[in-house]
Amino acid sequence: MSERDVFEYAVLRVVPRVERGECFNAGVLVYCRAKSFVAARTHLDERKLEALDPQADVLGVQAALRAVEGLCGGGDGAGQAAGDDAGRRFRWLIAPRSTVVQPGAVHSGLTADPAAEVERLLDLLVR
């Protein structure tokens with residue numbers, strides 16, 4: 001059996017009209033301290049977005065989701081957070097906020113492959 005490490009994850013929710021509180025899942029964030037790994041994968045269901053808010057800024061929501069992915073990836077795509085370690089970037093992304101793209105609660109599990117976990121959770125919780 002391969003060694004498994006603890007990982008944490010949060011679902012990214014899209015809340016088109018914050019005052020109404022209606023939301024749907026549009027991505028996942030995964031962090032594994034033992035592997036210094038953090039990643040996000042997103043999938044925006046535009047039909048759901050438009051059903052909750054016909055005037056929603058689809059391009060703006062897509063840009064916000066891409067920004068989360070970029071921040072996780074580090075380097076030039078992470079902006080000012082480029083020098084931060086994976087854990088710091090994850091903690092910043094899971095901080096509660098009142099915006100159109102919001103993190104959900106943090107959960108944990110065990111995995112031998114954090115990158116595969118990102119895809120598994122995206123399929124399970126978003127698509």
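1. In this predicted model, strand E2 and strand E3 (residues 37-42) are antiparallel partners, joined by six bridges. The two strands make a hairpin with four residues between them. One residue of the turn, Ser36, has a positive phi of about 50 degrees.

2. Strand E2 covers residues 24-32, and eight of its nine residues are buried. On its other pairing, E2 meets strand E1 (residues 5-14), again in the antiparallel sense, over seven bridges. Gly27 is a useful residue to follow here. In E3, Gly27 has Thr42 as its bridge partner, while Leu12 stands opposite Gly27 as well. Two further bridge pairs with E2 can be located in the structure: Tyr9 with Val30, and Ala10 with Leu29.

3. Strand E1 also pairs with E4, in the antiparallel sense, through nine bridges. One pair to look up is Phe7, whose bridge partner in E4 is Gly109. Eight of the ten residues of E1 are buried, so the strand is largely enclosed by the rest of the structure.

4. Put together, the four strands form an open sheet with the order E3-E2-E1-E4 and antiparallel pairing. E3 and E4 are at the edges and have a single partner strand each, so one side of each has no neighbour in the sheet. From one strand to the next, the twist averages 20 degrees. As background, strands of a sheet pair through backbone hydrogen bonds, in either a parallel or an antiparallel way.

5. Two helices can be described by how they lie on this sheet. Helix H2 (residues 58-73) packs on it and touches E1, E2, E3 and E4. The direction of H2 makes about 160 degrees with that of E3. Helix H3 (residues 86-94) lies across E1, E2, E3 and E4 and runs at about 155 degrees to E2.

6. Is Ala10, in strand E1, buried or exposed? Ala10 has a relative accessible area of 0%, and buried means under 20%, so Ala10 counts as buried. Apart from neighbours within four places in sequence, Ala10 is in contact with Gly27, Val28, Leu29, Ile94, Gly104, Ala105 and Val106. Val106 shows how the fold brings distant parts of the chain together: Ala10 and Val106 are 96 residues apart in sequence, yet their C-alpha atoms are 4.7 Å apart in space.

7. Helix H4 (residues 114-125) has twelve residues. From its first C-alpha to its last, H4 reaches 16 Å, close to the 16 Å expected at 1.5 Å a residue. Which residues of H4 are buried? They are Pro114, Glu117, Val118, Leu121 and Leu122. These buried residues cover an arc of only 135 degrees around the axis, which puts them on the same side of H4. The buried residues pack against E1, E2, E3 and strand E4 (101-111).

8. For a second look at the structure, start from Gly27 in E2, with Leu12 opposite and Thr42 as its partner in E3. Then move to Ala10 in E1, which has Leu29 as its bridge partner in E2 and Val106 among its contacts. Finish with the buried residues of H4, which pack against E1, E2, E3 and E4.

Definitions and conventions:
Residues numbered from 1 in each chain as written. Predicted model: local features only at pLDDT ≥ 70, side-chain atom pairs only at ≥ 80, totals over all residues. Heavy atoms only, no water. Buried < 20%, exposed > 50% of the residue type's maximum accessible area, 1.4 Å probe, protein only. Pairing = 2+ DSSP bridges. Expected span 1.5 Å × (residues − 1). Arc of directions from axis to C-beta. Contact = heavy atoms within 4.5 Å. Axes fitted to C-alpha atoms, helices over the stretch in contact; angles between N-to-C directions.
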